[in-house]
Amino acid sequence: MAYKTTATTTGGRNGRAILADGGLALAMAAPKEIRGDGNGHNPEQLFALGYSSCFGQALLGLGKKHNVDSKEASVTAEVTLNTDGGFSLAVDLKVSIPGADRAAVEALVEEAHQVCPYSKAIRNNVPVTLTVV
């Protein structure tokens, strides 16, 4: 095992979430779109932050293999909470690497999607769209 972290939330979507080490504590609030007050953070936002960061690290780790300087890579994770027929998630990952060859970036993004822990965790359960911008 390389790393483990622990978080505890009380009050669900309208509560408080805190890391066990006390390094981060957030007021949670359901978004207005699902009848919340929106005066806090929600799980989808936190998932988007984590996924975009993790995927960015996968790009950095694989950049040389694809002859792409991925230090300037930007990853935007758009997480959608769907409520039709029950709750589910969908993710759109948009990757930009200024000045890089598009075909090389597309290959890099595809491989990053195979190694990123977030991608692995949701594979075959959450639809993920990959777009090079």
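Let me begin with Glu78, which at 39% relative accessibility counts as partly exposed, and please keep in mind throughout that what we are looking at is a predicted model. Glu78 forms a salt bridge with Lys94, and the closest N and O atoms of the two are 3.5 Å apart. Because Glu78 lies in strand β4, residues 74–82, and Lys94 in strand β5, residues 88–96, this pair ties together parts that are 16 residues apart in sequence. Lys94 is partly exposed as well, with a relative accessible area of 29%.

How many salt bridges does a search of the whole structure find? It finds five, and I would like to show you two others among them. One is formed by Arg13 and Glu44, with the closest N and O atoms 2.5 Å apart. Here Arg13 sits in the loop between β1 (7–10) and β2 (16–19), while Glu44 belongs to helix α1, so this pair ties together parts that are 31 residues apart in sequence. If you ask about burial, Arg13 has 28% relative accessibility and therefore counts as partly exposed, whereas Glu44, at 11%, falls under the 20% limit and counts as buried. Another salt bridge joins the side chains of Lys71 and Asp69, at 4.0 Å from N to O, and both of these residues are exposed.

Now let us stay with helix α1 and look at Ser52, which lies in that helix. Is Ser52 buried or exposed? With a relative accessibility of 16%, Ser52 counts as buried. Its side chain reaches the backbone oxygen of Leu49 at 3.1 Å, and, if we leave aside the neighbours within four places in sequence, Ser52 is in contact with Val75 and Ala77.

Finally, let me turn to how the helices meet. In general, two packed helices are described by the angle between their axes and the distance between the axes. In our model, helix α1, residues 43–62, packs against helix α2, residues 102–115, at an angle of about 115°, with the axes 9 Å apart, and the crossing of α1 and α2 is right-handed. On the α1 side, the contact is made by Tyr51, Phe55, Ala58, Leu59 and Leu62, and on the α2 side by Leu108, Val109, Glu111, Ala112, His113 and Val115. What kinds of residues make up the contact of α1 with α2? They divide into nine nonpolar, one polar and one charged, and you may like to find each of them in the structure as we go through it together.

Conventions: Residues are numbered from 1 along each chain as its sequence is written. This is a predicted model: local features need pLDDT of at least 70, side-chain atom pairs count only at pLDDT 80 or more; totals for chains, interfaces and linings use all residues. Side-chain values use heavy atoms; hydrogens and water are left out. Axes are lines fitted to C-alpha atoms, for helices over the stretch in contact, and angles run from 0 to 180 degrees between N-to-C directions. Helices (H or I, at least four residues) and strands (E, at least two) are DSSP runs, numbered from the N terminus. A crossing is left-handed if the near helix is turned anticlockwise from the far one by less than a right angle, and right-handed if clockwise. Contact means heavy atoms within 4.5 Å. Ala, Val, Leu, Ile, Met, Phe, Trp, Tyr, Cys and Pro count as nonpolar, Asp, Glu, Lys and Arg as charged, and the others, Gly among them, as polar. Buried means under 20% relative accessible area, exposed over 50%, partly exposed in between (1.4 Å probe, protein chains only). A polar contact is a pair of N or O atoms within 3.5 Å; within protein, one must be able to donate a hydrogen and the other to accept it, and residues adjacent in sequence count only if both atoms are side-chain atoms.
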